[in-house]
Amino acid sequence: MEEIYAKFVSQKISKTRWRPVPPGSLQTAETFTTGSWDNEENYVSLWSIGDFGNLDSDGGFEGDPKLLCDIRHHGDVMDLQFFDQERIVAASSTGCVTIFLHHPNNQTLSVNQQWTTAHYHTGPGSPSYSSAPCTGIVCNNPEIVTVGEDGRINLFRADYKEAVRTIDNADSSTLHAVTFLRTPEILTVNSIGQLKIWDFRQQGNEPSQILSLTGDRVPLHCVDRHPNQQHVVATGGQDGMLSIWDVRQGTMPFSLLKAHEAEMWEVHFHPSNPDHLFTCSEDGSLWHWDASTDVPEKSSLFHQGGRTSTFLSHSISNQANVHQSLISSWLTDPAKDRIDITSLLPTRTLSVNSLDVLGPCLVCGTDAEAIYVTRQLFS
Amino acid sequence: MEEMHQVAIAAKDPASGRQLSSQVSILSAMELIWNLCEILFIEVAPAGPLLLHLLDWVRLHVCEVDSLSADVLGSENPSKHENFWKLVTVLVLQGRLDEARQMLSKEADTSPTSAGMCRILGDLMRTMPILSPGNTQTLTELELKWQHWHEECERHLQDGTFAASPHLESLCKIMLGDEAALLEQKELLSNWYHFLVTRLLYSHPTVKPIDLHFYAQSSLDLFLGGESSPEPLDNILMAAFEFDIHQVIKECSIALSNWWFVAHLTDLLDHCKLLQSHNLYFGSNMREFLLLEYASGLFAHHSLWQLGVDYFDYCPELGRVSLELHIERIPLNTEQKALKVLRICEQRQMTEQVRSICKILAMKAVRNNRLGSALSWSIRAKDAAFATLVSDRFLRDYCERGCFSDLDLIDNLGPAMMLSDRLTFLGKYREFHRLYGEKRFVDAASLLLSLMTSQIAPRSFWMTLLTDALPLLEQKQVIFSAEQTYELMRCLEDLTSGRPEHGEPDAQQLQDDDIETTKVEMLRLALARNLAGAIIREGSLEGS
């Protein structure tokens, strides 16, 4: 039985992220961070769902997240990433990028480092200075890449005061999200339906590759890379479509799957079980996509959580030339394979802005001022 | 919820504690009014059950008795507890006679002297006729039984059965509905509506709804005793007892600091079809008026505006108009917020608002020199005029810098290119450059010419186009056919002949004119040479 716990936090949540567990440890996720938006005072908060011994009489678990600490954040929290165990990087609508440091001894957060003018329309120093919201961050210790509404890409390194590399006008439209592809390469999505691959080894301000949706230029809002197969990328668009891309082949998505009814705000492959994918949307839904084909009887388990539906999808490029032993389940023709979709939230709420998965744990945050946590994704 | 607030009061500093306790008192007052309205207006309980409901209502809202009871029963010897009689009295006042009897039996156990009296009073409590749900007896039967019971109580009092114990005597008096005895317990009653309900319980158990206001008024007067004037809450409850719905709503609107309560109460009453007769001389009806007020309040809030949308959705008459007016005024500091607002508009087919929000965003982007973004927004708004404006900016930038910016966007316009002529021109002109760059000169040349002949290109841009034709004319092989060359010549002549004569040209203008003249001369020369070449080639091709 999938149990999902709601906690009302009196602020609209824009981002939720699990703290990574140390490599090699057997711990499951127990600490996550949230960022709020649209409040007069926004906060970056740290929560714990620890207390493993604290099972109640029914053998269930005490699911209520407890606030460990929080700190004021200037502007809306646009994106949030854990840099390492103690440090959190936050992107602000004021164009500022901040690293917060968590002190576990006295449970406080403090500002560790800040780039106040990471994103701007008119340069700092000029009298008509106007900032631009920073929309996305991705971290790969020690590097931090940020993108913004100004179409700028910044490469920061922790403990360096200035940006290591800046690509001005990298995009003529708004960049919505960024992720690492291979180490020096990043992938950005923008508001005119394009995926761009940038290689930091190359000088100049041109992307090394552009992939785009056909024709209708639907804005893309989120991107995630398959954890094991680095050429497989999932994106979510304004029309709620899930697109799967093979960045080695073609300039068009490998498949388009009809999904949510409104903007898909985030998409995440499960980090250790990448046949599972999670998406959330402005329409207030949170979906679990299961493309593992070898578990027909197991899939019935997932039907309990709520509305279950299998969507017919159309593949726009039936490339028959993909013959490899290690084919991702996402790069088979989705028209032939069933993908089981389970809705994880019991009732439709306001927009689900963010989600994160780690091990058996999932956390998501909504505009209805609630965070939802489950620790039994695959039970 | 109240418990949570109590915890907060205990934990936080005094300032926030005060604020929280004032919030709690507002909240409990709202709950009190709400429940009373439920009983009176929605349940529409008839005589008999009405009193039972009112008793429940009082028990729910005067709940100090529970902690008192826990306190007394928790002690080693309950009947010797200092608050023992207080507890028994409160229980009797609230009509919780079973519990009161149990307490009395404890007293009887410990003090043999009063055991007899306790038993008699306990019996009176047990035999008090009450209406139980599911019982089929009629009101008249009940009234008759009650009368008998009442007389029995009266007799015990007259006989001085309880004379030895003032506590028991006063309890008996309360059970007789003796006003003076009740008013002695003012402190335990804590408010007039408790007094009212207790008084009704022990003197008019089958009170009719219609008589309620009479007892309510007299209870209020008796309870206050002319010492203090009624407070807003008293007025609201009184209005409810008078079954004056509109007065309740009015008093609530005045007394409470926001529209939350009134809007929801009115909505509930309206759904029960209790407000239909009443029409306002402004707006639509009262329910909608109050909902609109409340939703407008939400929209003024920095973060709760999303909730206001739902309220507007349920206002059939003016909801949409109000939403249209409010939604355009939400400050949009990020595109993400803008997208959320746009989604709300698009779900409701509010095309005009979508247009205007996109336009605001496009303007903002232009101000920030983000032409690509601006163009995207004007395409989304399907705003041809603005697309033209942005395209002009692109072309101007091109003329100044000699190269295009934001190629990723312009190369991917697709069908959106048809939005405005200027945008089509921009897309096609860029295509010309691409063809030229790919050395597909013939295609490039015919595209260039068609841009002028089809009148897509703005006149002001023709000179640039003709200048772009120069290198094509100067190529070794002939690219423009004779026919095409004639067309080009005509375009050039159109352009030069249409130029107005200037008055006194200054030095700068003279220099500009000079460059212009040279350009025209060069073009004419190139055209003539190309024409010659083309005629020869075409002639020789035909000949061969």
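**Exercise 1. The second largest pocket**

How many residues line the second largest pocket, and which of them lie nearest its centre? Work out its make-up too.

*Solution.* Keep in mind that this is a predicted model.

Step 1: start with the lining, which counts 26 residues. Nearest the centre you'll find A:S10, A:Q11 and A:E369 from chain A, along with B:S303 and B:L304 from chain B.

Step 2: ask which elements give two or more residues to that lining. These are β4 (42–48) and β5 (66–73) of chain A, plus α17 and α18 (305–313) of chain B. The top contributor is α18(B), with four residues.

Step 3: sort the lining by class. You get 11 nonpolar, eight polar and seven charged residues.

Step 4: add the volume, about 710 Å³.

**Exercise 2. Backbone oddities**

Find the cis peptide bond that ends at A:P142, then look at three non-glycine or helix-end residues of chain B with positive phi.

*Solution.* Step 1: the bond from A:N141 to A:P142 is cis, and its omega is near 5°. A:P142 sits in the loop that links β12 (134–140) to β13 (143–148) of chain A.

Step 2: go to B:K273, which isn't a glycine yet has a positive phi of about 60°. Its home is the loop between α16 (260–271) and α17 (286–300) of chain B. With a relative accessibility of 60%, B:K273 is over the 50% cut-off and therefore counts as exposed.

Step 3: B:Q349 is another non-glycine residue with positive phi, near 50°. Look for B:Q349 in the loop between α20 (335–347) and α21 (351–367) of chain B. B:Q349 has 61% relative accessibility, so this residue counts as exposed.

Step 4: finish at B:K382, just after α22(B), where phi is positive at about 55°.

**Exercise 3. A covered helix**

Is helix α22 (residues 371–381) of chain B mostly covered or mostly open, and what do its buried residues pack against?

*Solution.* Step 1: count. Of the 11 residues in α22(B), 10 are buried, so the helix is mostly covered.

Step 2: name some. The buried set includes B:L371, B:L375, B:W377 and B:I379, and also small residues such as B:G372 and B:A374.

Step 3: find the neighbours. The buried residues of α22(B) pack against five helices of chain B: α20, α21, α23 (384–401), α24 (407–410) and α25 (421–437).

**Exercise 4. Hunting for disulfides**

How many disulfides does the whole structure have, and why isn't A:C280 in one?

*Solution.* Step 1: a search over all chains finds zero.

Step 2: check A:C280. The closest cysteine sulfur is in A:C364, at 7.1 Å, and because a disulfide needs the sulfurs within 2.5 Å, that's too far for a bond.

Step 3: compare surroundings. A:C280 is buried, at 0% relative accessibility, while B:C399 is partly exposed, with a relative accessible area of 43%.

**Exercise 5. A strand covered on both faces**

Which residues lie on each face of strand β28 (residues 340–343) of chain A, and which strand is joined to β28(A) by four bridges?

*Solution.* Step 1: split the strand by side. A:D340 and A:T342 are on one face, A:I341 and A:S343 on the other, and all are buried.

Step 2: look for the partner. β26 (residues 286–290) of chain A is joined to β28(A) by four bridges, and the two run antiparallel.

Step 3: pin down one bridge. A:D290 has A:D340 as its bridge partner in β28(A).

Conventions. Residues numbered from 1 in each chain as written. Chains lettered and ligands numbered in written order. Predicted model: local features only at pLDDT ≥ 70, side-chain atom pairs only at ≥ 80, totals over all residues. Heavy atoms only, no water. Buried < 20%, exposed > 50% of the residue type's maximum accessible area, 1.4 Å probe, protein only. Contact = heavy atoms within 4.5 Å. 1 Å grid on protein atoms, 1.4 Å probe; cavity = no way out; pocket = protein on both sides within 12 Å on 5 of 7 lines; lining within 4 Å. Points joined across faces, edges and corners; volume = space filled by probe spheres on them. Nonpolar A, V, L, I, M, F, W, Y, C, P; charged D, E, K, R; others polar. Pairing = 2+ DSSP bridges.
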